[in-house]
Each structure stands twice: as structure tokens, then as C-alpha cells.
Amino acid sequence: MKNTKWLLLSVLFISNLFGQIDIKVSDGYKVSRGISGYTVRLNNSRQTLIKLEGTIPEKSGYHRVTWKTTDKYFWSNGIATDEFKVVNPVSYSKNGKVYTMFGPLPEMKGKTVVVTATYGDYTDSIIFKLK
């Protein structure tokens, strides 16, 4: 387990050297950052919203970045059930910066969510543990 953490840190460090997308939580959101990702304390009565910020290697123009989660999540009102997009699926960069919103529901407490951003051949992921 200890070697796995060092391997993960090494891969993240090396990937950042080669122009990967760099994802982070925007300032002002109450999340805790750890070695293996972020811990989020969910609101008990409504969706918790967190702004994510990414940096891509292309600084000029506007470029499409896609966002997704590794797992699918579902929401139900007791009559109908539908897929719930935890992260906005598309955003466009300006000056090399791109933003999206991550919004888990109270029912997702206890889950781990991996959010991935993709721009061309570049990709990066961020992990959220929901408490």
C-alpha cells in the first residue's frame, strides 16, 4: 500500500512535467486535500457544489475539454430514475484555463468519485471521497 502511494505520486509528478491537464479545486471551497485526493463533507439536505479548475497546455484560443466520472450515478424521485451527471460534461478554455462544477448529492455519502478531464491526448483525474 505504501509503495502504491509513492508510485501514484511519481506518476502524477512526471505527468505534470509533460503538459498534462492540471485539475484542482478552486479556492474558497471547504474540502480537505490528502495524498490520495480530496475529502468533501456533503450537505445533508441539498447538492454540494464545488468549482473545479483545470489548466491546459494551449494558452491561446478556446478549446473544448470533456469531463466525466468513472462510474455512473442515478437519482430517483420515487417515480422515475435517471442518470445524474455529477460533473458538467463539457467546458471551453480561455487563456489556458478551464472550469466546471462538481455537484454530488447527499445520497452519495460514503462513495468515492473519480472525475477525469480530457483535452486531445491530455488527461488528468481528481479523486473525491464523499463524507
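## A term and the model

A polar contact is a pair of N or O atoms within 3.5 Å; within protein, one of the two must be able to donate a hydrogen and the other to accept it. In this predicted model, such a contact joins the side chain of S91 to the side chain of W67, at 2.8 Å. The surroundings of S91 are taken up again below, after the overall fold.

## Overall composition

The chain contains 1 helix and 11 strands. In sequence order the helix comes ahead of the strands, in the pattern α-β-β-β-β-β-β-β-β-β-β-β. The chain has 131 residues, and 31% of them count as buried.

The accessible surface is about 8,700 Å², and carbon and sulfur atoms account for 54% of that area. When contacts between residues at least 6 apart in sequence are considered, 65% of them join residues at least 24 apart.

## The sheet of six strands

An open sheet is formed by 6 strands in the order β2-β3-β11-β10-β5-β8, with mixed pairing. Strands β2 (31-34) and β8 stand at its edges; each has a single partner strand, so one side of each is left without a neighbour in the sheet. From one strand to the next, the twist averages 25°.

Within this sheet, β2 and β3 run antiparallel and are joined by 4 bridges. A hairpin of 2 residues connects these two strands, and G34 stands opposite G37 in β3. Elsewhere in the sheet, β10 and β11 also run antiparallel, with 8 bridges between them. One of the pairs there is V114 with I127, the latter in β11.

## The sheet of three strands

A further open sheet consists of 3 strands in the order β1-β4-β9, and its pairing is antiparallel. Its edge strands are β1 and β9, each of which pairs on one side only. The average twist from one strand to the next is 25° in this sheet.

Strand β4 pairs with β1 over 4 bridges in the antiparallel sense, and D22 has T55 of β4 as its bridge partner. With β9, strand β4 pairs over 6 bridges, again in the antiparallel sense; here K51 has M101 of β9 as its bridge partner. The side chains of β9 alternate along the strand: V98, T100 and F102 point to one face and are buried, whereas K97, Y99 and M101 point to the other face and are not.

## The nonpolar core

In soluble globular proteins, nonpolar side chains tend to be buried together. In this model, the largest nonpolar core has 26 residues, and those with the most contacts inside it are L52, W67, F102, V115, F128 and L130. Strands β1 (22-25), β3, β4, β5 (64-69), β9 (97-102), β10 (112-119) and β11 (122-130) each supply at least two residues of the core. The strand that gives the most is β10, with 4 residues.

L130 illustrates how distant parts of the sequence meet. Leaving out residues up to four places away in sequence, L130 touches V40, L42, F102, P104, M108, K109, G110, K111 and V113. F102, one of these neighbours, is itself among the core residues with the most contacts, and its side chain belongs to the buried face of β9.

## Two buried polar residues

S91 lies in strand β8, which spans residues 90-92. Is S91 buried or exposed? Its relative accessible area is 9%, and because buried means under 20%, S91 counts as buried. Besides the side-chain contact with W67, a polar atom of the S91 side chain lies 3.1 Å from the backbone oxygen of Y99. Beyond residues up to four places away in sequence, S91 touches H63, R64, V65, W67, V98, Y99 and T100. W67 therefore appears in two settings: as a polar partner of S91 and among the residues with the most contacts inside the largest nonpolar core, where nonpolar means a set drawn from Ala, Val, Leu, Ile, Met, Phe, Trp, Tyr and Cys.

T48 is placed in the loop between β3 (37-40) and β4 (50-55). At 13% relative accessibility, T48 also counts as buried. Apart from neighbours within four places in sequence, T48 is in contact with V40, R41, L42, N43, F102, G103 and P104. Of these, V40, L42, F102 and P104 are also touched by L130.

Methods
Residues numbered from 1 in each chain as written. Predicted model: local features only at pLDDT ≥ 70, side-chain atom pairs only at ≥ 80, totals over all residues. Heavy atoms only, no water. Buried < 20%, exposed > 50% of the residue type's maximum accessible area, 1.4 Å probe, protein only. Contact = heavy atoms within 4.5 Å. Areas by Shrake-Rupley, 256 points an atom, 1.4 Å probe, with all protein chains shown as cover. Core = buried A, V, L, I, M, F, W, Y, C linked by side-chain atoms within 4.5 Å. Pairing = 2+ DSSP bridges. Axes fitted to C-alpha atoms, helices over the stretch in contact; angles between N-to-C directions.
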